[in-house]
Amino acid sequence: MGPEATAAVMRWGPVLRVLVLQAAWALAGGQVRYSVPEEAKAGTVVGRLAQDLGLEAGEAEARRLRLVAQGRRASVEVSGASGALLVSSRLDREELCGKSAPCALRLEVLLERPLRVFHVQLEVTDINDNAPVFRVDEEALNIAESSVPGSRFPLEGASDADIGENAQLSYTLSPSEYFSLDHQGSNDQRASLGLILTKSLDRETIPVHRLVLTASDGGRPSLTGTMELLISVLDANDNAPQFNQSVYKVKALEGSELGTLLVTLSATDPDEGINSKIIYLFSKRVSTKVKEMFTIDENTGEIRLQGKLDYEDMHSYEIPIEARDKGFPPLSGHCSVELEVLDVNDNAPEVWVTSLSVPVSEDASVGTVVALLSVSDRDSGANGRVRCWVWPASPFGLEATFAGSYSLVLREALDRERVSEYEVEVRAEDGGAPALRASRGLRVPVSDVNDNAPAFSQAVYTVLARENNAAGAELARLWARDPDEAGNGRVSYSVWEGGVGGGAAAPSWSSGAVGGGWRAASSYVSVDAESGRLWALQPLDYEELQVLQFEVRAVDAGEPPLCGNATVQLFVLDENDNAPALLLPPAGSAAEAGAVAAEASSGPGSGSGSGSGTLWAWAAWGAPAGQVVAKIRAVDADSGYNAWLRYELWEPRGKGPFRVGLYSGEVSTARPLDEADGPRQRLLIVVRDHGEPARSATATLSVSLLEAAEAALAAGPGSSLSSSSSSSSSWSASGSRSASGVELGAGAASAATNVWLVVAICAVSSLFLLALVLYGASRWAPRAAVLSGPGPTTLVCASEVGSWSYSQRHSRSLCVADGAAKSDLMVFSPNFPPPPPGSGAENGSAGKGPSLSPVASGVSNPGSRERCRALLRAAAGAGEAEGKRLQRLLRRGGRRMFCSFQSRFYRQGKALHGCLGVVRDSECSARSRSCRTSGTEPP
């Protein structure tokens, strides 16, 4: 092995030993420490970072383990596959840290999902890779020959960029009998290196001495550097200037103004004359930076500032000064000025964003880390202590994770619909006086989640649409707002229906539909899914549909989708599209006996429709003016003003014998009829509505003029049916569209029935008189005879309206309605057979009290009595209706109808009278039992 190989082994041996030793790391506050020697090759493994952080295999790559740059190249990187910390480029400790020891690099390692930050301290250890270097290769010295042995001449030492033992320098001088080397102190900038004169010089013998100064460091192997000393021996001036102090210590504030006086130097020379004149100048070994920063007045020795002092750039300066006399040869004295720069608060804090996770979901939980920040201040002491906060204070906050490191976290819940983006400002302030501030703005957008359902502008929409609209016509436009964005705010519309038939989820159905049952709203209308426009699927018909109420649902495209509903009330406005329609006479009416009717109507498409049918009626000669002969009935399917009908006599015009009621449709005599009017009159009647344009229908009425007797015979067969026909036509008055047909009046037969009316009035008067007599007899008869004597129970009905009543005080009673103008009286006295022997025992005593009828004995229990009472109450209501009908018949003078009513009334009264006996006898029996128990007489 040659000497070069041996030197290489000796040089790189410590490097290999350092690579084997990996620095132990401590997880104190989340910090890992490694060390690596400088000049390590690229790819050298510094440490198993993923393993030291407790990550599983493959987790480093999955969670994107990486370094966060902080402004200067770190020369290391993290392997994505293995998670190891590797050397990526040349590591030069002298370039990174200069003379600072130890050389520690602070790294931040970022780990995602979840977001975490770790702090790694990497120490770059020194190797002996720098040899000592002299400032110049050759230094010239002038030494007077008169210099006495022991004189010391300062020399500029070498510098070594390494630190520690590798920078410990030792000096050797080439062999010389005149000079020796004096080295005092260690490897300090202030270490004194001088050349000692050991023997008096003789310029004439040796005018110039050439020596080699060698500097060796303490590394292994040791490195050396050399400088040649060229010593010229001078004659004469043998006293050098002397400073009053060897070291001047000066302090100055950074940022001081240019031209500031720092110090005034003072040196003396014991020589006289020209040899004692001194000039001041920077020593030859002064650095270029010092010359740029300071100036010295060669005559006065004043050192002034000509550059800007910056504490953060350099804390102190050492300025070597030389005082030289003007003798020949000139002699020099040396001193050093040490300038300490004082820190002032001239650096504002700096804020860096090392990681930013945006956008932030609006449903992010409190405590979510949004960003990682690094804060620093180049000043020192109180000037470098930084306080940080967030403005505005909500919804974010800062949490300190390490010295100078902060996390921006979520403190409050977010709502994108209220604030979609935040401009956050991180502010920092140092502790100087005055304090300096810095800030860093962050834009934090909020991402949307589907947390808002569509909402309609109105809960209920009222839409008006005219009937007979065109299919596809736009009826309305619905609008629902969803404050979410993108798909979460994209709304689609639909007509919502739960199902046919009105199940548990009741759909929206049309109201007012006729025929065919209910129909779904979707058969009438449709809504555009995107625009919300409401369309008609078919023409609307008011006569089929008046009101359509349904719900429209708005659904967004979020996940999961949210929806909102609105109720739509569609009112169909009527158009005059239906002409009046004539109705046939009701079945069984008097008109059917001699009339043939045909319904006449007009189509809805024409402005005025015409149709005719022939109707028949009879009138007697001599009928007075105003007598109703017939009544025309018509119906219009429209509503309101369009269905308001008026009747006009179209033919004959002028002074005819008949006239028509404008709104009633009644055909009556305009004057008394005579034979000159002929045997038959043909009337053409027009029925018009009030729509625009008006629609109409026509009817032809043929009126036969007869003698009074003939008219009565013609109307007679139908008279017995008039009552039922009146009842059957009652549906016309109660329905919304109902009407009767042609109703022929009874005036044509009134002359024939006047006789029967007189007879009926006389009969009613007689019955009323008989009722008064019976009432007085019952009032004046002895009470005991009434209670104990056998006799039938009597039901009396006396009222204008035919109402029933029964007196509980007497066996016979009279009920007269108060304020009655006239009364119809009928008395029914049923003849029951005598009771069987012993039947009186059921009433409390044999042979006493009123006897019970067979009906009463069969239903004497309490339940039967209650049924009888219910029957009496029903009979009272029926009697009232029958009484009203009797009055109408009596006014018309119908004898046959009166007799029919009398017989039916008698049958009903007979049955009810039996029930009255049951009720009365049971009450008497109960009273008798009560009297026997108490020992008193019955009342």
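This passage looks at one strand and its partner, two cis peptide bonds, two unusual backbone angles and the cysteines of a predicted model.

A good place to begin is strand β36, which covers residues 491-496. In a regular strand the side chains alternate between the two faces of the sheet. That pattern can be followed here residue by residue: V491, Y493 and V495 are buried and point to one face, whereas S492, S494 and W496 point to the other face and are not buried. The strand pairs with β40 (residues 547-556) in the antiparallel sense, over 6 bridges. Within this pairing, S494 has R553 of β40 as its bridge partner.

The loop that runs between β35 (480-481) and β36 holds A486. Although A486 is not a glycine, its phi is positive, at about 55°. This residue counts as exposed because its relative accessibility is 64%, over the 50% cut-off.

A similar backbone feature appears in the loop between β6 and β7, where R113 is found. R113, also not a glycine, has a positive phi of about 50°, and its relative accessible area of 56% makes it exposed. R113 is joined to P114 by a cis peptide bond with omega of about -5°; P114 sits in the loop between β6 (103-111) and β7 (116-125). Another cis peptide bond links S394 to P395, with omega of about 5°. For P395, the setting is the loop between β27 (386-391) and β28 (396-402).

Turning to the cysteines, C388 is buried at a relative accessible area of 16%, while C762 is partly exposed at 46%. With a cut-off of 2.5 Å between cysteine sulfur atoms, the disulfide count is 0.

Note on methods
Residues are numbered from 1 along each chain as its sequence is written. This is a predicted model: local features need pLDDT of at least 70, side-chain atom pairs count only at pLDDT 80 or more; totals for chains, interfaces and linings use all residues. Side-chain values use heavy atoms; hydrogens and water are left out. Buried means under 20% relative accessible area, exposed over 50%, partly exposed in between (1.4 Å probe, protein chains only). Helices (H or I, at least four residues) and strands (E, at least two) are DSSP runs, numbered from the N terminus. Two strands pair if DSSP finds at least two bridges between them.
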